[in-house]
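Thanks for coming. I will go through one fold this morning, beginning with the sheet and then moving out to the helices and the whole chain.

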Amino acid sequence: RDWRRSVAVTTAAAAGLMEQVLAGALDAAIVDVADIPDAFRRIEIARRPLHLIASMEASRADDDMHDLLARTPIGLPMRGTGLRNATDHILRANRVAASRSIECGSIPVLMRLVIEGVCCAVLPRSALSIEESRVRTFPLPGQGLVTSLIWTPAKDASPRVAFLRELVKSEPFV
């Protein structure tokens, strides 16, 4: 709305972004990590349910997570991301040891691999187009990807951080 105010945007794994905010290299960051250290101020801007997503060909009607992962490799987001942390937590909590995995740094590429039947993946349902008929989703009750705006107390008075806080409070985050 105000063309004189602007922000620069960069992408990186959540851990790297948090390090840059702590070092003062970034004023703020949007991260998808559930456990944010006390060194940060934060505003939660989204909580998206997670699902195990697999291609229709790779899944069977009576499958559960264990069955699917016994037959299909799991696609893993890159290390240091909140989605990777959430995936690792879900696998540990369900005592699932994926025997084969594919690590991919791009969610759209990971989705393409899932659609093509190369692997399955734990992703937010919102990663799918509205009605994707080539995949099947297995809801993971109680599991979600938390996305937050973070900054340090030293940046509380920063006009850039105030601008970002205003934006995330006024616009829905999907």
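**The sheet and what packs on it**

What we have here is an open sheet of 6 strands, ordered 1-6-2-5-3-4, with mixed pairing. At its edges are strand 1, residues 29-31, and strand 4, residues 101-104, each of which pairs on one side only. Neighbouring strands are turned against each other by 30 degrees on average, ignoring direction. Please keep in mind that this is a predicted model.

Let me walk across the sheet in that order. Strand 1 pairs with strand 6 in the antiparallel sense, over 3 bridges. Within that pairing, Ala29 has Ile150 of strand 6 as its bridge partner.

Next comes strand 2 with strand 6. How many bridges do strand 2 and strand 6 share? There are 13, and the sense is antiparallel. One pair you can pick out on the screen is Glu44 with its bridge partner in strand 6, Ser148.

On to strand 5. Strand 2 and strand 5 run antiparallel and are joined by 4 bridges; Leu50 has Pro124 of strand 5 as its bridge partner. Strand 3 and strand 5, in contrast, run parallel, with 2 bridges joining them. There, Ile74 stands opposite Cys120 of strand 5.

Is strand 5 mostly covered or mostly uncovered? Mostly covered: 5 of its 5 residues are buried. Cys120, Val122 and Pro124 point one way from the strand, Ala121 and Leu123 point the other way, and all are buried.

The last step takes us to the edge. Strand 3, residues 74-77, is joined to strand 4 by 4 bridges, and these two run parallel. Leu76 stands opposite Glu103 of strand 4.

Now the helices on this sheet. Helix 3, residues 82-93, packs on it and touches strands 2, 3, 4, 5 and 6; the direction of helix 3 makes about 135 degrees with that of strand 3. Helix 5, residues 159-170, also packs on the sheet, touching strand 2 and strand 6, and its direction makes about 150 degrees with that of strand 6.

**One loop residue**

A short stop at Glu116, which sits in the loop between helix 4, residues 107-115, and strand 5. Is Glu116 buried or exposed? Its relative accessible area is 52%, and the cut-off for exposed is over 50%, so Glu116 counts as exposed. Glu116 also lies 8.8 Å from Glu57, C-alpha to C-alpha, although the two are 59 residues apart in sequence.

**The whole chain**

Stepping back, the protein has 5 helices and 6 strands. Read from the N terminus, the elements run α-β-β-α-β-α-β-α-β-β-α. The C-alpha trace spans about 55 × 30 × 25 Å along its principal axes.

Of the 174 residues, 42% are buried. Among contacts with a separation of 6 or more, 75% are between residues 24 or more positions apart.

As for the surface, the accessible area comes to about 9,900 Å², and 53% of it belongs to carbon and sulfur atoms. The protein has 22 positive and 20 negative charges, and the mean positions of the two sets are 3 Å apart.

That is what I have; let's go back to the model on the screen for discussion.

Key: Residues numbered from 1 in each chain as written. Predicted model: local features only at pLDDT ≥ 70, side-chain atom pairs only at ≥ 80, totals over all residues. Heavy atoms only, no water. Pairing = 2+ DSSP bridges. Axes fitted to C-alpha atoms, helices over the stretch in contact; angles between N-to-C directions. Contact = heavy atoms within 4.5 Å. Buried < 20%, exposed > 50% of the residue type's maximum accessible area, 1.4 Å probe, protein only. Areas by Shrake-Rupley, 256 points an atom, 1.4 Å probe, with all protein chains shown as cover. Lys, Arg positive; Asp, Glu negative; His and termini not counted. Charge placed at Lys NZ, Arg CZ, Asp CG, Glu CD.
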